[in-house]
Number of protein chains: 2
Amino acid sequence: MQSKPSIKDIAKRANVSIGTVDRVLHNRGQVSEATREKVQKVIEELNYEPNIIARSLASKQDFNIGILLPRSSSKNDYWYYPAVGIQKAAAEHQYVGLNLVEAYYDLNLVESFQDKISLLSEKDLDGVITAPIYKNELEDYINQLENSNIKYSLLDSDLEDSQRSFFVGQDPVQSGRVAAQLIDFTLQKDSPDILTLHFNPVTQGIPTINLREDGFSEYFNHADTEVKVSSHLILYTSKEELNSKLDQIFTDVQNLKAIFVPDSKSYLVAEYLENKTAKDVVLAGFDLLEENATYLRKGVIDFIINQQPITQGYQALNQLINSLIQKKEKIPSQNIPIDIITSENIKYYDGLD
Amino acid sequence: MQSKPSIKDIAKRANVSIGTVDRVLHNRGQVSEATREKVQKVIEELNYEPNIIARSLASKQDFNIGILLPRSSSKNDYWYYPAVGIQKAAAEHQYVGLNLVEAYYDLNLVESFQDKISLLSEKDLDGVITAPIYKNELEDYINQLENSNIKYSLLDSDLEDSQRSFFVGQDPVQSGRVAAQLIDFTLQKDSPDILTLHFNPVTQGIPTINLREDGFSEYFNHADTEVKVSSHLILYTSKEELNSKLDQIFTDVQNLKAIFVPDSKSYLVAEYLENKTAKDVVLAGFDLLEENATYLRKGVIDFIINQQPITQGYQALNQLINSLIQKKEKIPSQNIPIDIITSENIKYYDGLD
DNA sequence: TCAAGCTCCGTTAACGTACACGAATGTATG
DNA sequence: CATACATTCGTGTACGTTAACGGAGCTTGA
C-alpha cells in the first residue's frame with residue numbers, strides 16, 4: 001500500500017536533491033540536459049503528480065483577477081447572479097492568495113464599460129473574467145490581454161475566434177428549441193398563433209437573444225404542428241407606452257395560444273397578462289429573476305428556462321484559478337444544462353441554483 | 001492588508017506556545033483552566049479559523065468509510081450512478097488519507113445485504129454511506145453505528161427518526177407533482193384516462209415510489225382537469241408475460257392519454273408502446289438510465305425526471321468527509337432539484353449529471 | 001595564475017498545523 | 001526531606017512543496 005510518490009521519492013530514485021527535481025518540474029533552468037532527462041524519466045516512471053495541498057501551502061504566489069461584468073444590485077437583474085458565484089468561488093480559494101479587482105460597469109453606458117477597461121489596463125493582472133456584451137469595445141482589450149499573455153474566461157456567450165482559456169454558458173439555439181418544445185406540448189391542432197416578444201434594445205446586439213429565437217423558429221419549422229410565429233421587439237419608456245404597444249400587438253393576433261420571451265423580461269408580459277385575465281395563454285421565458293419567480297409561482301408564467309447563473313460565475317473563476325495554479329482541468333468550455341422550471345419544481349432551484 | 005491569523009499569532013497574543021494553543025483548539029486537556037480561558041479569548045478576538053489546507057497536510061489521520069449500496073455494473077441501473085459520484089468525491093479527497101470499504105450488495109437478495117453488513121461490522125470504520133432500502137435489516141446496523149458513534153449518511157431516501165449526519169435526496173412527493181403537472185400541460189378537457197404503472201416488487205417496499213404516486217394523485221385531486229387515474233403494479237418473469245399484462249391493462253382503459261411510471265423502468269413501457277405504434281400517449285418517468293435516455297431521444301418517452309444520482313453520491317461522501325474532518329458545513333440535508341428532461345435538453349444532462 | 005563569472009546543484013527555511021517528547025513545575029507519599 | 005508522580009507547558013519534527021541562498025567546479029580573460 002504505497003502512497004503517492006513525492007518529490008523526495010523522485011529525488012532519491014534519481015540521485016539528485018529535491019531542489020533539482022523542483023527545477024525540472026517547473027522548467028526553471030539551471031539543470032544540465034543529462035540530469036534533466038534522468039529526473040524527467042523517473043517522474044514519468046513513478047507517475048508523479050504534485051500534491052496540490054502542499055503546493056498551495058508553500059506557494060507564496062498571489063493572483064490578481066479582474067472581473068469585468070455589468071453592475072447589478074438587484075435580484076431582479078440577471079447579472080446579479082454570476083457575481084454571487086464568483087464571490088463563492090473566491091471564498092473557497094481564500095488560501096491561494098486571491099485578489100479580485102472588481103470592475104462592474106453600467107450595462108446601459110458604453111462609456112462606463114470603457115472606463116472600467118482602462119481601469120483594469122493599469123493593473124497588473126493574472127487573469128480576467130468577462131462577458132462579450134459590448135463586442136467591439138471588448139475586442140481591443142482582448143487583444144491587449146492576449147499580447148500580454150493574460151488568461152481570460154468568458155461568461156454567458158462565447159467568442160469563436162478568441163484565445164479565451166475557458167467558456168461557461170448555455171447553448172442558446174438549443175435553449176430556444178427547448179422553449180418551443182415545451183410550448184408545443186401544450187398546443188392543439190388548431191393552427192395557433194404564437195408571439196415572440198423581446199425587450200432588449202438592438203444597440204446592445206446581444207446575439208444570445210437572437211440565437212434563442214432562431215432555435216425556437218427552427219423547432220416549429222420541422223414540427224408537425226402548424227403554427228404562426230410572429231416576433232416583436234418592444235421598446236418603451238413608460239408603463240403606458242408598454243401597455244399600449246402590447247394592446248396593439250394582442251389585438252392583431254387571432255388565435256393566440258402562447259408567448260415566448262427570449263430575454264429575461266417575461267415578468268413584463270406576465271404583469272400585462274395578469275391584468276387582462278388572459279390566463280389561458282402559455283408563457284415561457286428565461287432566467288429565474290425574482291419577479292419571474294413570483295409570476296411562475298402564481299401560474300402566470302408557465303415555464304422558465306434557467307441557465308444557472310450562479311454556477312456560471314462559480315465555474316468561470318474556479319477554472320481560471322485552476323489553470324493559473326497549474327491544477328489545470330483543461331476543459332476548454334462548459335455547457336450549462338438547460339433547466340426547465342415550473343411552479344412545481346421551482347422550490348429546489350430558487351436561490352440554490 | 002492583514003491575512004488570516006494563524007495559531008502562531010494566537011500564541012504570541014496570549015503569551016503561550018503554539019503547542020498550548022493547539023491543545024486548547026482540540027480540547028486535548030493538559031491545559032490549566034486559567035490559560036485555557038486566556039487562549040480561548042484570544043481565539044475569539046482574532047476570529048481564528050483553522051487553515052484547512054495546512055491541516056490536511058499535517059494530519060496523519062486517515063479515514064475508513066464504508067459504502068453500503070446496491071451493486072451495479074450497468075448504466076441501465078440506477079445504482080450505477082451514485083457509485084460514480086462517490087468515486088469522484090474520493091478522488092478529490094485523495095490527500096486526506098481516504099480509504100473506501102466498498103460493500104456493494106445484490107439488490108434482490110436480502111442475504112447479500114446482510115452479508116455485507118456483517119462484513120462492515122468487522123471493520124473499524126469512521127463513517128458509512130448507505131440507503132434505506134432494506135429498512136428492517138438496516139435498522140439493527142444503524143443502531144450499532146449510533147452506539148459506536150460512527151457517523152453515517154443516507155442516500156436517496158431519508159429515515160426520519162435516525163441520527164444520520166446527512167441526507168441527500170429528492171423530495172419524492174413533489175417530484176410526483178412535477179410529473180403530474182407536465183402531463184397536465186399536455187391534456188385537453190376530454191376527461192382523459194391516465195395509467196400509473198410500476199414494476200418494483202412490493203417486498204422491497206421502497207417508500208419513494210409510493211410517495212411519488214401520492215404526489216401525482218394529490219396534484220390531480222386539486223387540478224381543474226378531470227382525469228381518471230388508475231394504478232397498476234406489474235410483476236413479470238418473461239417478456240411475454242409482461243406484454244400480455246400490458247395488453248390486458250391497455251384494453252381496459254377508454255381514453256388513454258398519459259402514462260406515469262414512478263420507478264425507473266419507463267423504458268419497459270416505452271418498448272411496448274413503440275411496437276404498438278401508440279405514439280400519441282404521453283409517457284413520463286424517472287431517471288436518466290441508458291435505455292430511458294434512448295427512448296427519450298426517440299420521442300417515445302416525453303419526460304424524464306432526473307434526480308442527479310451522481311451528484312447525490314458525490315455530495316454524500318463530500319459532506320461525510322467534511323464533517324469528519326471538522327470542516328463541517330453542518331447542512332443536515334440536501335434536496336436535489338427535480339430536473340425535467342426532454343428530448344431537446346437531454347444533451348447537456350446525460351452523463352454530465 | 002588568479003579573480004571573476006559562469007553553470008549546476010544541494011541545503012535550508014519557510015507555509016500552518018498536528019503531535020510526540022521531554023522539561024519544568026507542583027503535589028503527594030514514605 | 002527525598003522520591004515518585006502528575007500537571008502544565010514549550011520545543012522540535014513532520015507533512016510536501018516552493019524558492020532563496022550559496023557552494024563546488026568549471027571556464028574565461030588579464
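What turn and what shift along the axis lay chain B on chain A?

1. Symmetry. A turn of 180° with a shift of 0.1 Å along the axis lays chain B on chain A, with an RMSD of 0.1 Å (copies superposed by least squares on the C-alpha atoms of residues with pLDDT of at least 70 in both). This relation is that of a two-fold axis. Thr186(B) has the C-alpha nearest the axis in chain B, 2.4 Å from it. Both copies use the same surface, since 96% of the contact residues of chain B recur in chain A.

2. Basis. The model is predicted: local features need pLDDT of at least 70 and side-chain atom pairs count only at pLDDT 80 or more, while totals for chains, interfaces and linings use all residues. Residues are numbered from 1 along each chain as its sequence is written, with chains lettered from A and ligands numbered from 1 in the order in which they are written.

3. Chain contact. Chain B gives 25 residues to the contact and chain A gives 24 residues (C-beta atoms, placed from the backbone, within 7 Å). On the side of chain B that touches chain A, α4 (52–58), α8 (172–186) and β12 (339–341) give two or more residues each (helices are DSSP runs of H or I, at least four residues, and strands runs of E, at least two, numbered from the N terminus). α8(B) gives the most, 6 residues.

4. DNA strand D. This strand is surrounded by 27 residues (C-beta atom, placed from the backbone, within 6 Å). The closest are Ser6(A), Asn51(A), Ala58(A), Ser17(B) and Gly19(B). At least two residues each come from α1 (7–14), α2 (18–25) and α4 (52–58) of chain A, and from α2 (18–25) and α4 of chain B.

Notes:
Two residues are in contact if their C-beta atoms, placed from the backbone, lie within 7 Å.
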